[in-house]
Number of protein chains: 2
Amino acid sequence: MFLNRLTELRKSKRWSLQYIADRLGIAKSTYAGYESGYREPSLEATKMLADLYGTSVDFLLGRVTEPNHPPAIQRTEHIELLELDQVTITVDGKSLSSGEIKHVIAFIRVLREMDGTAKK
Amino acid sequence: MFLNRLTELRKSKRWSLQYIADRLGIAKSTYAGYESGYREPSLEATKMLADLYGTSVDFLLGRVTEPNHPPAIQRTEHIELLELDQVTITVDGKSLSSGEIKHVIAFIRVLREMDGTAKK
DNA sequence: ACATATGTACGCGAATCGCGTAAAATTCGC
DNA sequence: GCGAATTTTACGCGATTCGCGTACATATGT
């Protein structure tokens, strides 16, 4: 079995088998076979798994111990939380609704406000 | 075809199909199938190929352009809030710190939990 | 306790693999 | 150049493996 890191990765993100299967467009039982070692994914599926989990194929295969070696050039993209059109933010595999985003923004503002006043 | 870098790698080292096949312990025609795209190697064989060529599986799969750099991470449309090394989320123009992100995740979890129990 | 969601196990048809074989193409000595 | 040896490409066959649906087991939430 070469993908024994899959389960811990998925659980660390609180994703279900069904969620992963849907994202990959495969059956739940198929993905379950990957985690249990009963089946081996194709290279294509393995690549998609690395994308989904935000890691490298080498890490999934246990060829490397670091889950995310930063790329040589760190190109960070900035997204303002209020202007989310093309990108979906998820928590525990469920995308944030527009209502939740508003709450988050309010929450962050209060959080920062408290930080400012408390530290005076 | 996902392994089109194999041929150039092999030729850059002036190796023959037979040589690689022997090193891997497979038939020459089998390895030839990998290069031509006629067949797809198992994950195990893919790992051995990366070892042989002294590169990463991610490079063999074209997931990364640099043969010797550590594998990088690819961005998707969906971004799990836990994996924000690649993208920076901002609120009011100020990027979320890792601590704030943790708070947001906890906040969302509680929010959803409450939503479930206290249905008016 | 019940209903729903999540995880596990397995049989079947279909797709793919690895191999041997052999023809095409390239390289090499002369 | 020219043939022999090496390398590369192509393909059929048997066996393996895949992906799916289904069914069952376990966990979670109302």
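A salt bridge is taken here as a side-chain nitrogen of Lys or Arg within 4 Å of a carboxyl oxygen of Asp or Glu. The model is predicted, so local features were required to have pLDDT of at least 70 and side-chain atom pairs pLDDT 80 or more, while totals for chains, interfaces and linings use all residues. Residues are numbered from 1 along each chain as its sequence is written, chains are lettered from A and ligands numbered from 1 in the order in which they are written, and side-chain values use heavy atoms, with hydrogens and water left out.

Six salt bridges are found over all chains. In one of them, the side chain of Arg63(B) pairs with that of Asp51(A) at an N to O distance of 2.9 Å. Arg63(B) belongs to the loop between α5 (57-60) and β1 (78-80) of chain B and Asp51(A) to helix α4 (residues 43-53) of chain A, so this pair joins two chains. Helices (H or I, at least four residues) and strands (E, at least two) are DSSP runs, numbered from the N terminus. Arg63(B) is buried, with 9% relative accessibility, and Asp51(A) is buried at 15%; buried means under 20% relative accessible area, exposed over 50%, and partly exposed in between (1.4 Å probe, protein chains only). Arg63(B) also forms a salt bridge with Asp58(B), at 2.7 Å from N to O. The relative accessible area of Asp58(B) is 0%, and this residue is buried. Asp51(A), Asp58(B) and Arg63(B) are thus linked in a network of salt bridges.

A further salt bridge connects the side chains of Asp51(B) and Arg63(A), with an N to O distance of 2.9 Å. This pair crosses between chains, running from helix α4 (residues 43-53) of chain B to the loop between α5 (57-60) and β1 (77-80) of chain A. Asp51(B) is partly exposed, with a relative accessible area of 49%, and Arg63(A) is partly exposed at 26%.

DNA strand D is surrounded by 13 residues, the closest being Ala27(A), Ser29(A), Thr30(A), Arg39(A) and Leu17(B). A residue is near a strand if one of its heavy atoms lies within 4 Å of it. By class, this surface has five nonpolar, four polar and four charged residues. Here Ala, Val, Leu, Ile, Met, Phe, Trp, Tyr, Cys and Pro count as nonpolar, Asp, Glu, Lys and Arg as charged, and the others, Gly among them, as polar. At least two residues of the surface are supplied by each of α3 (28-36) of chain A and α3 (28-36) of chain B. Of the strand D atoms within 4 Å of the protein, 53% belong to sugar or phosphate and the rest to bases. An N or O atom in the side chain of Ser29(A) is 2.9 Å from a base oxygen of strand D. A side-chain N or O atom of Arg10(B) is 2.9 Å from a phosphate oxygen, and a backbone N or O atom of Leu17(B) lies 2.8 Å from a phosphate oxygen.

In helix α2 (residues 17-24) of chain B, the buried residues are Ile20(B), Ala21(B) and Leu24(B). Viewed down the axis of α2(B), the buried residues fall within an arc of 100° (from the directions of the C-beta atoms from the helix axis), so they line one face of the helix. Their cover includes α1 (5-12), α3 and α4 of chain B, with contact meaning heavy atoms within 4.5 Å. Just after α2(B), Gly25(B) has a positive phi of about 75°.

Conventions:
Polar contact = N/O pair within 3.5 Å; in protein donor to acceptor, adjacent residues only side chain to side chain.
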